[in-house]
Each structure stands twice: as C-alpha cells, then as structure tokens.
Amino acid sequence: MHDETRHLSGKQRVAILLLAAGRERAVKVLKQLQEDEVRDVSVAMAGLGLISASVVEEVCAQFTKNFESSEGLVGTYETTEELLRKALSGEQVDKIMEEIRGPAGRTMWDKLGNVQELVLANYLRNEYPQTAAVILSRLQPAHAARVLTLLPEDYATEVMMRVLHMETVQREVLDSVEATLRSEFISSLGRSAKRDSYELLAEVFNNFDRKTETRLMASMDKRNHDDMEKVKALMFTFEDIKRLPHEALMRIVAQVDREKLPLALKGASETVRKMFLQCMSKRAGSILLEEISALGPVRVKDADAAQVDIVTIIKNMANAGEIDLTENGGNDEIIP
C-alpha cells in the first residue's frame, strides 16, 4: 500500500473514487446508497481538501486490483467477519455478525409485530410467563395490549409482573420462540437499550379497552399495589391531554361526541378546557361554554364516565397510529 494512502479511511477512499469517476458516474453510484451512507461519504468528501495525483492513482489502483480475479469478488460471512475484526472490537463484531446471520436481520421485530394477535397469544399461553414477558417487552405497546387481552387473566397478570422485574434475557428463550413460530421474527435479543419497564406497561395499559384495563389493573393491584401505582402514574388520563400538541388535539376534537364533551369538560381543569376551546371556532367555543354552564352541578362519576369515553377514543386513535400519546413525553405541560 502507498505510504500516502495508509492514513485514509474507507469513507475517504470512496469519496476519492467518486470524485475521480466524474460527476455523472458518481451520481449513479450515490443513488444506489442508503441515506446514512450518502451522508457519511459526503462528509468525507467535503473534508478531503487537496489530494495529490499520486494518491488518487494509488486508491484507484487498489480498487482495480480487487477485480483482477476472473471470478470477481466473493462476499461471505467468513470474509465479512475477518474484515470487521480488523477494525472493531470483538464484542462489536459478535453483535453485528449475530444480526447478519439471523434470518430476519434488523427487521425481525417489525415482522414479529405483524404476527396475528391470536396466533401469538395461542403460542404464549403454552409457554412460561418469562418467555411471554421477553417477547411482549419487545413489541409495540398496542400490539402487546391486544395479545394480553386474549390471554387468561391470571397468566396475563403474571406476564406483566415479569415484564416489570425482568433483568436478563436467556438465549434458550429466544431459541424456543424461533423454533415454535417457525419464522423470521427473531434472530437475537439484547436489552442494550432497555426500555423502562413501568413506562412500557403503562403504554400497554393505555391500549387496553376499558373493560380489560379495569380487570387487569385490579388483578395487578392485588399482586403488588406499589407496582400498580407506579404504572398508573405513567398511564394516560384525561388530564394528560394537556401534554398533547395542538395538531393531535385537533384530530381528537373532530372524533369526539359533541354531546359528551360538555360533561367531560365540566370536571376538567381550566387548562384542558382552554385547550379544547382553542381547537374550535369562536362561535363553537361560546356554545360549548354555555352548554357547560347550563349543566349545573353534576355527579363526579358522570363527568368521569364522559372523560373515560373520550380517553377511549384517544386510545383507539393512538392504536390506529393517528396520534402519538408520547409526542411530548410530558415535558411540555402548560401551567394556567
């Protein structure tokens, strides 16, 4: 290798090759790259500065040498792993190779999310609760909620308790899931970016229907009151509407039953009430305020019931992907 090219990174070599190839050819190559690859090469290209002719020639020669074999290039797991071990740590290489060798690569959990709830529930009901906890902790909360709804109450409760207190994931569990589902859904599982288990379960509860939510919440509370209180503190309630952006609330208002809105807002904070009014025309807002005033004293349980109906609508919209209940993460709360 030429002394002047030893210091060049792979990205810099690519950048040099593209510049040497000319604009027309370079554009064709860039169109074939992923967005992050284009960004990395662009950064390298912008920082090249002046490159001598001898360096350009050496980089091109090295590239050409790779194609001298009449059989062309052959990429295998072995050659890939050998190359990676020269550049990365053993732990990094092992993780990358495990993902590559896995039957579904980085899309495995997306594919698992497409498994019908009944199919997954029928599988989980015959497995250990810990197995189900591992799987459900990796699913989207809405999907996990639908699966849990189909499971026996005691078993679902046990699974949720395991989710809260899960520490490690055993490889044997993953092998069992992969073999039973006979799918491309699981290749590896590491909790390197472990989600907060209480936040996860709170999101799962947000996606239950009201009946299932009440039933499983009571069952969880019997098992461990403190755990359930932590989960409830993270759940979405009517007052949590103040966390949502204006655009999301506009979509919610369009779906809400106008007859129930006055009763729901009768028991709401001034902040939430104002947020709803901001989503209406001045005339519609005035009519709403008159309707609220005309209600007079109302029973708390009636106002709560109206709020529950609206929260159910919000949950259904979140479940359908129409809004995101965690867009602001609770950090943009408005103080009246």
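## Helix 18 and its neighbours

In this predicted model, the buried residues of helix 18 are Thr 271, Val 272, Arg 273, Met 275 and Phe 276. Buried here means under 20% relative accessible area, exposed means over 50%, and partly exposed is in between, with a 1.4 Å probe and protein chains only. Helices (H or I, at least four residues) and strands (E, at least two) are DSSP runs, numbered from the N terminus. The buried residues of helix 18 pack against helix 16, helix 17 (261-266) and helix 19 (282-295).

Val 272 is a good place to look more closely. This residue lies in helix 18 and counts as buried, at 0% relative accessibility. Setting aside residues up to four places away in sequence, Val 272 touches Phe 238, Glu 239, Ile 241, Lys 242 and Leu 265, where contact means heavy atoms within 4.5 Å. Val 272 and Lys 242 are 30 residues apart along the chain, and their C-alpha atoms are separated by 5.7 Å.

## The aromatic pair

How many aromatic pairs does the model contain? The count comes to 1 aromatic pair, using a rule in which rings of Phe, Tyr and Trp (its six-membered ring) pair if their centres lie within 6.5 Å; planes under 30 degrees apart count as stacked, over 60 as edge-to-face and the rest as tilted. The pair is stacked because the rings of Phe 238 and Phe 276 have centres 6.2 Å apart and planes at 10°. Phe 238 sits in the loop between helix 15 (225-234) and helix 16 (246-255), while Phe 276 belongs to helix 18 (residues 270-277), so the pair ties together parts that are 38 residues apart in sequence.

Both partners are under cover: Phe 238 is buried with a relative accessible area of 4%, and Phe 276 is buried at 0%.

## Around the loop and helix 20

Phe 238 also turns up among the contacts of Gln 307, a residue found in helix 20 (residues 300-319). Leaving out neighbours within four places in sequence, Gln 307 is in contact with Phe 238, Ala 264, Gly 267 and Ala 268. Is Gln 307 buried or exposed? Gln 307 counts as buried, at 12% relative accessibility.

Thr 237 lies in the loop between helix 15 and helix 16. This threonine is partly exposed, with a relative accessible area of 36%. The C-alpha atoms of Thr 237 and Thr 312 are 9.8 Å apart, with their positions 75 residues apart along the chain.

## The cavity

Now for some empty space. A search of the whole structure finds 1 cavity of 30 Å³ or more, and the largest cavity has a volume of about 50 Å³. On a 1 Å grid over the protein atoms alone, a cavity is a set of points where a 1.4 Å probe fits but cannot get out, and lining residues have an atom within 4 Å of a point. Grid points are joined across faces, edges and corners, and the volume is the space filled by probe spheres set on the points.

The lining consists of Leu 136, Ser 137, Ala 144, Leu 148, Val 159, Met 160, Val 163, Leu 200, Leu 201 and Val 204. By class, there are 9 nonpolar, 1 polar and no charged residues in this lining; Ala, Val, Leu, Ile, Met, Phe, Trp, Tyr, Cys and Pro count as nonpolar, Asp, Glu, Lys and Arg as charged, and the others, Gly among them, as polar. Helix 10 (141-149), helix 11 (153-164) and helix 13 (197-206) each supply at least two of the lining residues.

## Helices 10 and 13

Helix 10 is mostly covered, with 7 of its 9 residues buried. Among them are Ala 144 and Leu 148, which also line the largest cavity. Pro 141 in helix 10 is buried at a relative accessible area of 7%, and its C-alpha atom is separated by 5.6 Å from that of Glu 203, 62 residues apart along the chain.

Leu 201 lies in helix 13 and is buried at 2% relative accessibility. Apart from neighbours within four places in sequence, Leu 201 is in contact with Met 160, Leu 164, Met 220 and Val 231.

## The whole chain

The protein chain has 20 helices and 0 strands, and 37% of its 336 residues count as buried.

## Notes on the model

Residues are numbered from 1 along each chain as its sequence is written. In this predicted model, local features need pLDDT of at least 70 and side-chain atom pairs count only at pLDDT 80 or more, while totals for chains, interfaces and linings use all residues; side-chain values use heavy atoms, with hydrogens and water left out.

Methods
On a 1 Å grid over the protein atoms alone, a cavity is a set of points where a 1.4 Å probe fits but cannot get out, and a pocket is an open set with protein on both sides within 12 Å along at least five of seven lines; lining residues have an atom within 4 Å of a point.
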